[in-house]
Amino acid sequence: MMNFEELKNAMADLEEESVMKMMNEFMKDGGKDAGEALKACQEGMEIIGDRFEKGDYFVGDLIFAGEIMTEAMDIIKPALAVKSAGKSAGRMIFCTVKGDIHDIGKNIVKAMLEAAGFEVLDLGVDVPPEKIVQTAKKQNINIIALSGVLTLALDSMKNTVEAFKVADMRDKIKIIIGGNPVSEDACKLIGADEWAYSPQKTINVCKEWASV
Ligand code: B12
């Protein structure tokens with residue numbers, strides 16, 4: 001049985017070997033409650049963030065943390081995402097907004113959307129509003145998912161919504177935002193249609209939009 005508290009602490013302490021061992025054993029045991037494993041890793045990442053703020057960890061530690069988290073998620077991805085068979089659930093654009101290069105959360109949510117049947121056009125990180133608007137126009141895609149972990153990402157998200165208005169496309173597209181600083185209030189301020197923290201809510205919202 002996976003001890004999620006131990007996993008969280010191993011993540012926070014950057015014990016790569018222990019984290020991988022726990023993840024591999026977790027999958028060997030059937031990978032049940034993969035969402036809990038994700039949550040434990042995320043909580044570990046929050047502790048890492050706090051230690052960085054206090055000056056106990058440095059940028060090199062954040063980089064290493066990112067590598068461990070990505071590796072860990074690669075192992076449990078099959079258990080996190082329930083594969084849907086059949087036709088495409090819809091097409092969408094996903095990216096991390098301008099000024100922000102954090103992409104671990106984006107990649108997790110993207111993998112789960114793909115498993116749920118979405119065709120996700122991933123524009124990567126640090127993506128300027130104009131590029132998102134142009135891609136949506138060219139590819140005729142009307143569901144846009146924006147990720148951001150830095151506080152400044154909220155401004156970039158707002159600028160992206162504005163860019164869609166300027167291009168006279170705002171009423172034709174749906175925008176969902178997510179990431180650590182995103183909240184109900186931020187969503188209102190930014191003018192997005194929805195916000196989510198959990199990948200499952202993201203899937204539900206996008207499925208609803210795609211079905212209209
Ligand atoms: C790993 C990490 C890095 C790595 C990122 C590697 C990578 N490939 O992503 C690296 C080393 C690159 C990095 C760099 C920096 N970082 Co950093 N980083 C982190 C850390 C420790 C973890 C982030 C993470 O991956 N979390 C785990 C994932 C799974 O969680 P998540 O992103 O929240 O995603 C979940 C949800 O939010 C949601 N979600 C995510 N996206 C979306 C999108 C949609 C549409 C939806 C619906 C849902 C959704 O689903 C995910 C799964 O549940 C955080 C600490 C923290 N508390 O988050 C700091 C943190 C984000 N970093 C911080 C800082 C300051 C920096 C740097 C400025 C450091 C520096 N001096 O250079 C740079 C900025 C570079 C830039 N321009 O972006 C600060 C941000 C402070 C702020 N308020 O703005 C934090 C909070 C640390 C701290 N406490 O000080 N960082």
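Trainee: What makes the approach of H102 to a nitrogen atom of the ligand a polar contact?

Mentor: A polar contact is a pair of N or O atoms within 3.5 Å. A polar side-chain atom of H102 lies 2.7 Å from a nitrogen atom of the ligand, so the pair meets that limit. The model is predicted: local features need pLDDT of at least 70 and side-chain atom pairs 80 or more, while totals for chains, interfaces and linings use all residues. Residues are numbered from 1 along each chain as its sequence is written, and side-chain values use heavy atoms, without hydrogens and water.

Trainee: Which backbone atoms also approach the ligand?

Mentor: A polar backbone atom of I101 is 2.7 Å from an oxygen atom of the ligand. For I104, a backbone N or O atom lies 3.5 Å from a ligand oxygen.

Trainee: Why is H102 called a donor to the cobalt atom?

Mentor: Donors are N, O and S atoms within 2.8 Å of the metal (3.2 Å for Na, K and Ca). NE2 of H102 is 2.3 Å from the cobalt, so it qualifies, and it is the single donor from the protein. Water is not among the atoms, so the site may look incomplete.

Trainee: How many residues surround the ligand, and which element gives the most?

Mentor: There are 36, with E53, I101, H102, D103 and T151 the closest; a residue counts if one of its heavy atoms lies within 4 Å. Helix 3 gives the most, seven residues (helices are DSSP runs of H or I, at least four residues).

Trainee: Why is the ligand said to lie between domains?

Mentor: Domain 1 (4–80) and domain 2 (90–211) both give residues to the shell, so the ligand lies between them. The bounds come from an automatic or database assignment.

Key. Polar contact = N/O pair within 3.5 Å; in protein donor to acceptor, adjacent residues only side chain to side chain. Helix = DSSP H or I, 4+ residues; strand = E, 2+ residues; numbered from the N terminus.
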